[in-house]
Amino acid sequence: MNARRVRLAVLAPLAVSSLALGAVTFSAPTAAAASPSCSVRNTDNPNNLTVSGRDFKPNKSVAVESASGSEGSARADATGRFSLTVTDASGTVSAQQIGGPVVGCGTAEEGEQKNAKEQYRDGFDQGFAAVKRNCNAQQQQQQGLVGVDENFQKGFKDGAKRAGQLFCED
C-alpha cells in the first residue's frame, strides 16, 4: 500500500501539470482577421468618384456598386488594397468580393464633403506656410489663386490671415 501511495504522489502532479499545460496551449489567442473597409472621395472631375478599400482578400476581384447600379471592379493587390475611379455614382457606394461581406464605403455626397475639407486644409496649410516664410507673400500668393478650387482659396486666405496674425507686424 505504501508503494501505491508513492506512485500516486509522483504521478498525480505530472498528470495535473500536463493537463494545465495543455489548457494553456489551447487557450492562446488567435489573430483575428481584419475586416475589409472602404471609403469614397471625389476627384478633380466632378462626375468621378474614387473608391478605395483595404483588408480585402489579396489578388481577388472586388465589385463596386452604387445606388445607380454596378460601377465596375478592381483587383485587390497583394496587400488586399484596391482603388477604382467610377463615373456618375450616386447614393450609397459598396464593395464586395465573391463570397465576402458587402462593405459600405459611404455615399457620393460624403465624397464631395471629404474632398472639400481636404481642399480647404491643403489651402490653409499652403497659405499659412507662405506667409510664415514671407509676410509680403499674402497679397502676392492670393492673386495667383484664380481658377483654383474655391475651398482651397478659402483655406489659403484663412491660413495666410492666421500666419499674418502670428508672425507679421501690422
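Me: Two strands pair if DSSP finds at least two bridges between them. Over how many bridges do E6 and E7 pair?

Reply: The model discussed here is a predicted one. In it, one bridge joins Thr92 to its partner in E7, Thr107, and another position places Ala95 opposite Val103 of E7. The sense of the pairing between E6 and E7 is antiparallel, and the number of bridges is four.

Me: Which residue in the turn of the hairpin formed by E6 and E7 has a positive phi?

Reply: The hairpin of E6 and E7 leaves six residues between the two strands. One residue of this turn has a positive phi, of about 80°. That residue is Gly99.

Me: Which residue in E6 does Val64 stand opposite?

Reply: E3 and E6 run antiparallel and are joined by three bridges. The residue sought in E6 also stands opposite Val103 in E7. Val64 thus has as its opposite number in E6 the residue Ala95.

Me: In what order do the four strands form an open sheet?

Reply: The edge strands are E4, residues 69-75, and E7, as each pairs on one side only. Neighbouring strands of this sheet are turned by 25° against each other on average, direction ignored. The pairing is antiparallel, and the order of the four strands is E4-E3-E6-E7.

Me: What pattern does the protein chain follow when read along the sequence?

Reply: The protein chain contains four helices and seven strands. Read along the sequence, these elements give the pattern α-β-β-β-β-β-β-β-α-α-α.

Me: From which element does the largest share of the largest nonpolar core come?

Reply: The largest nonpolar core comprises 18 residues, and those with the most contacts inside it are Val51, Val64, Phe82, Val93 and Ala95. Two or more residues each are given by E1, E2 (48-54), E3 (61-66), E5 (82-87), E6 (92-96) and E7. The largest share of this core is three residues, and the element that supplies it is E5.

Me: How many residues has the other core, which lies apart from the largest one?

Reply: The members of this other core include Ala137, Phe156, Ala163 and Cys168. One of them, Cys168, is buried, with a relative accessible area of 16%. The number of residues in this core is eight.

Me: Which cysteine does Val51 touch, not counting residues up to four places away in sequence?

Reply: Among the residues that Val51 touches are Val40, Val64, Phe82, Leu84, Val86 and Val93. Ser39 and Ser83 are touched by Val51 as well. The cysteine in this list is Cys105.

Me: Why is the disulfide of Cys38 and Cys105 left-handed?

Reply: The sulfur atoms of Cys38 and Cys105 lie 1.8 Å apart, and the two residues form a disulfide. The pair links distant parts of the chain, with Cys38 in E1 (37-42) and Cys105 in E7 (103-107), 67 residues apart. The disulfide is left-handed because the torsion about its S-S bond is about -85°.

Me: Does Cys38 count as buried or exposed?

Reply: Buried means under 20% relative accessible area. Cys38 has a relative accessibility of 12%, and its disulfide partner Cys105 has 7% and counts as buried. By this cut-off, Cys38 counts as buried.

Me: What is the torsion about the S-S bond of Cys135 and Cys168?

Reply: Cys135 and Cys168 form a disulfide, with their sulfur atoms 1.9 Å apart. The pair links distant parts of the chain: Cys135 lies in the loop between H2 (108-133) and H3 (137-143), and Cys168 in the segment after H4 (150-167), 33 residues apart. The disulfide is left-handed, in keeping with an S-S torsion of about -95°.

Me: What is the pairing of the bonded cysteines, numbered in sequence order?

Reply: The structure holds two disulfides. One is formed by Cys38 and Cys105, and another by Cys135 and Cys168. In sequence order, the pairing is 1-2, 3-4.

Me: What percentage of the residues of the protein chain count as buried?

Reply: The protein chain exposes about 11500 Å², of which carbon and sulfur atoms supply 52%. Cys135, with a relative accessible area of 34%, is partly exposed. Of the 170 residues of the chain, the share that counts as buried is 29%.

How values were computed. Residues are numbered from 1 along each chain as its sequence is written. This is a predicted model: local features need pLDDT of at least 70, side-chain atom pairs count only at pLDDT 80 or more; totals for chains, interfaces and linings use all residues. Side-chain values use heavy atoms; hydrogens and water are left out. A disulfide is a pair of cysteine sulfur atoms within 2.5 Å. Buried means under 20% relative accessible area, exposed over 50%, partly exposed in between (1.4 Å probe, protein chains only). A nonpolar core is a set of buried Ala, Val, Leu, Ile, Met, Phe, Trp, Tyr and Cys residues joined through side-chain atoms within 4.5 Å. Contact means heavy atoms within 4.5 Å. Axes are lines fitted to C-alpha atoms, for helices over the stretch in contact, and angles run from 0 to 180 degrees between N-to-C directions. Accessible areas come from the Shrake-Rupley method with a 1.4 Å probe; for residues, only the protein chains shown count as cover.
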